[in-house]
Amino acid sequence: MATRNSSGSGAKNKIVAMLKADHKKVKQALKDFEKIDPEEDPQACQALVEQTLAEIEVHAELEEQLFYPAARGAIDDEELIDEAEVEHMTAKVLIGQLKGMGPEDEKYAATFKVLGEYLKHHIEEEEGEMFRKLSQSGAEWDTVLEEMQTQREQLMQEKGLPAESAEAEVEAEGSRSRATGAAVRTGARSGGEARPQAASRASKSSSRKQ
Ligand SMILES: [Fe+2]
Ligand SMILES: [Fe+2]
């Protein structure tokens with residue numbers, strides 16, 4: 001317990017850094033998406049969308065289950081949390097629509113872009129307002145950080161996302177072409193246990209050609 005107390009101020013900063021790194025990844029994915037033509041390369045398009053949606057879902061769940069409840073105790077503007085929760089619900093409608101579509105759908109790219117625009121706005125509010133207003137006190141940040149890290153690993157495994165070794169991974173990821181990375185990862189995972197949802201959807205669209 002004593003060690004936890006001594007690292008209390010760092011825990012909140014680490015949580016914010018983790019969430020910001022996720023935001024950066026989403027924004028990078030949106031930029032990468034612009035470079036893909038869904039008609040020319042539907043597989044890369046789908047791989048990027050599916051990986052990004054899985055990452056967004058992990059992030060959203062961590063915020064909803066652990067971060068927002070903690071933040072409520074550490075902020076004097078609880079409306080910000082209410083708004084963020086409503087925005088998550090709205091984003092999930094678009095995510096649900098995308099999950100029921102494939103790159104052959106006329107509105108696939110448009111839906112992903114609209115989701116992206118919506119998320120950019122949401123991210124701006126989180127980073128520009130919510131994160132800044134969080135106080136050091138009012139939440140057990142050490143415990144929240146531990147829970148977020150544990151749950152993050154579990155969720156990523158469930159969704160078949162590659163494990164993150166360290167923060168360096170996040171940095172490296174941003175500068176790499178995610179479209180290529182996603183396509184390679186999907187292809188390399190044919191016989192594996194990971195990514196059950198994405199794999200089944202990918203085979204749905206590719207089975208038509210066989
Ligand atoms: Fe966020
Ligand atoms: Fe959020």
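Let me start with the length of helix 3 in this predicted model. Helix 3 has 32 residues, and at 1.5 Å a residue these should span 46 Å. Its end C-alpha atoms lie 45 Å apart, which agrees with that expectation. Helix 3 runs over residues 42-73, and a bend of about 45 degrees occurs in it at F67. A proline, P69, follows F67 within four residues.

I turn now to the packing of helix 3 against helix 6. Helix 6 covers residues 141-158, and the axes of the two helices come within 10 Å and cross at roughly 160 degrees. Angles over 145 degrees count as roughly antiparallel, and helix 3 and helix 6 are therefore roughly antiparallel to each other. Their crossing is right-handed. On the helix 3 side the contact is made by V58, E61, L62, Q65, L66, F67 and A70. Helix 6 contributes V144, E147, M148, Q151, R152, L155 and M156. By class, the residues of this contact are nine nonpolar, two polar and three charged. F67, where helix 3 bends, is thus also one of the residues that helix 3 brings to helix 6.

The next pair is helix 3 with helix 4, which spans residues 78-99. Here the axes come within 11 Å and cross at roughly 155 degrees, so helix 3 and helix 4 are roughly antiparallel as well. The handedness of this crossing is left-handed. From helix 3 the contact takes V49, L53, I56, A60, E64, Y68, A71 and R72, and from helix 4 it takes E78, I81, A84, E85, H88, I95, L98 and K99. In this contact 10 residues are nonpolar, one is polar and five are charged.

Finally, helix 4 packs against helix 5, residues 108-133, at an angle of about 160 degrees, with the axes 10 Å apart. Helix 4 and helix 5 are therefore roughly antiparallel to each other, and their crossing is left-handed. In helix 4 the participants are L80, A84, E87, A91, L94, I95, Q97 and L98. They meet T111, F112, V114, L115, Y118, L119, H122, E125, E126, E129 and M130 of helix 5. This contact comprises 12 nonpolar, three polar and four charged residues.

Which residues of helix 4 take part in its contacts with both helix 3 and helix 5? They are A84, I95 and L98.

Key:
Residues are numbered from 1 along each chain as its sequence is written. Chains are lettered from A and ligands numbered from 1 in the order in which they are written. This is a predicted model: local features need pLDDT of at least 70, side-chain atom pairs count only at pLDDT 80 or more; totals for chains, interfaces and linings use all residues. Axes are lines fitted to C-alpha atoms, for helices over the stretch in contact, and angles run from 0 to 180 degrees between N-to-C directions. Angles under 35 degrees count as roughly parallel, over 145 as roughly antiparallel, 65 to 115 as roughly perpendicular and the rest as oblique. A crossing is left-handed if the near helix is turned anticlockwise from the far one by less than a right angle, and right-handed if clockwise. Two residues are in contact if their C-beta atoms, placed from the backbone, lie within 7 Å. Ala, Val, Leu, Ile, Met, Phe, Trp, Tyr, Cys and Pro count as nonpolar, Asp, Glu, Lys and Arg as charged, and the others, Gly among them, as polar. The expected span of a helix is 1.5 Å times one less than its number of residues. The bend at a residue is the angle between axes fitted to the seven residues ending there and the seven starting there.
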